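Colleague: I'd like to go through this model with you and ask how each label was earned. Could you put it up?

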Amino acid sequence: MKNKTEDTAVQEMVLEGVAASPGIVIGPCFLYLEPFWEPEPRVISRDEIDKEINIFRQSVQKSHDELKKSYQNALDQFGNDVAAIMEMQMSFLEDHIFLQEVEEAIEKKRYDAAYATFTVFRKKKEYFLQMPNEYFRDRAFDIQFLKESIIKNILGKSKNFATSIGKPAVVIARNLSPTDTVQLYQQRVLGLATNMGGKTSHTAIIARSLGVPAVVGLKKMTDLVKTGDTVILDGNNGKVVLNPTPETIETYQEQQRIFHNLEEQLLKESTLETQTQEGKRIYVHANIEFQDEITHLLKVGADGIGLFRTEGIFLNSNDLPSEEKQAEIYSSIAAKMYPRKVIIRTLDIGGDKIISGLLDNKEENPFLGWRAIRFWLDHRAGFMAQLKAILRSNVKGNVQILLPMVSGLGEIYQVRELLEAAKEELRNEGLKFGESIDLGIMIEIPSVVVMADILAREVDFFSIGTNDLVQYTLAVDRGNEKVANLYSHFHPAVLRMIKMTIDAGKQANIPVGMCGEMAGDPLAVPILLAMGFESLSASHSVIPEIKKIIRELSLSDCDALYNSIKDISITSEIIQVVKAFFRERFPDMAHR
Ligand code: PEP
Ligand code: MG
């Protein structure tokens, strides 16, 4: 937090949070404060146990009914993207093990319903907050919302929805439920800023779906503003400026104008085919985690899905999702994307992705442990169900299978056997499926880079996962900020690994794509083109920019850049050269 003027009456203040949804807005703010009920501990007598359990159950039911209503409204007005979020929250309220914990606290600890809910949900929230993976950490905000909703119902309070914010304003709140967010959107809210939340918290996800600029995780911001104060919300950089000076407003107005023009232009061109200046076709695919992202990726003109991370399906399910349920999801994606291709990656849990009930991570070295293909090969039934579901989605032949964390040939042979067994079972069951399906592997462990020439003869394609390849090559934990300065996909060893892989793929005549974050890094694109990539896969939000960059590049310039860095042995020097090239070629984009 920085104070920029001496004037105490209208002091400008810059608050820094998490950039949740892009865009810049300037306007009055509306402080939306929901009362916060923190129940006092109350110990009940044995006779009251049944009554309190009943109160708890009825309150959960009421919260569930309220969510269902919001779900229906959201579905009618905004479609699946937004509604799915309420659906996910409802599934938490259907989790019997979780609810049972509260009933046990009532029965054994003799807490009343409100306090039992408060303590159990708080513990659960803390559990989620400690997870290394951001997506899981952000689920803590769902728990918080559900806790407040149930306690409100136990106490018989009614909810003050933000029914009227008056004129369009930037809404500032402690936390917003999905329902609040949708209701506020209907009043043409300019932007959203919350004390709580992370990049994948639901306020953030909904704001992005609805195209409302948002900043979350602003900590104590609600203590610093009052309704009517002028604010600037910068969703691109995760900042909120309170009481800005006229000069600051002018600066942001200029940035707003540049941002709008660039966005409009990028989106307009994004659906065009992507070719380099020489006319070489480059395919830009999308990485997705949830099926609802399809609307976005079609809007930005993605050529297909280069990576569908299936972990989300397992996370959103109380039990292991059945073959049937998975087949439904994969088939719907394959149908919506047809004739474009869809690469479905088999379950990649372990490491920082923990799914309670399936894999509770108690290992000393989870990133080197029972992760991804290793875990699945030990769970034949679950793996078979997923393989069968993927095969069933391939009726039109546009689906491919991708295996994560492969470290050697043995694993590929094992999967090939299972895949044949899965086909056999489907035949016996008389179910329709696509017999001919490509099987590829993620290149994310150094051992498979070294063996790439041999493995290339055994699989149909490679997809380089730089997020893990960097981690395993440099021995740098991808989630540990203490060593984050050592983590770079521009490290010369990583660049060599990538080149070795693409060369091995070309030699064996199999496609090599990239789906790690490097593929969505504008700075890396010229180098990747020079190395020979024809297919990149990145998050839909960066696709318009990546496509524009490719369209404006000539391969001869990319080659020249690559030749100038390929013998540099120091990461920072490589980055310097790459940045200089980018600044010169794309001055408009350099600020992004
Ligand atoms: C990768 O490792 O680069 C990758 C795409 O997989 P994930 O980020 O899901 O581990
Ligand atoms: Mg990976």
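Colleague: Where does Val-450 sit?

Modeller: Val-450 is in helix α15, residues 446-450; helices here are DSSP runs of H or I with at least four residues, strands are E runs of at least two, and both are numbered from the N terminus. Mind you, this is a predicted model, where local features need pLDDT of at least 70, side-chain atom pairs need 80 or more, and totals for chains, interfaces and linings use all residues. Residues are numbered from 1 along each chain as written, and side-chain values use heavy atoms, without hydrogens or water.

Colleague: Why is Val-450 called exposed?

Modeller: Its relative accessible area is 57%. Exposed means over 50%, buried under 20% and partly exposed in between, with a 1.4 Å probe and protein chains only, so Val-450 counts as exposed.

Colleague: What makes Glu-444 and Asp-468 donors of the magnesium ion (ligand 2)?

Modeller: Their OE and OD atoms lie 2.0 to 2.2 Å from the ion. A donor is an N, O or S atom within 2.8 Å of the metal (3.2 Å for Na, K and Ca), and water is not among the atoms, so a site may look incomplete. Glu-444 is in the loop between β14 (438-443) and α15, and Asp-468 is in helix α17 (466-474), so the pair ties together parts 24 residues apart in sequence.

Colleague: Which are they, buried or exposed?

Modeller: Glu-444 has 1% relative accessibility, so it counts as buried. Asp-468, at 2%, is buried too.

Definitions and conventions: Chains are lettered from A and ligands numbered from 1 in the order in which they are written.
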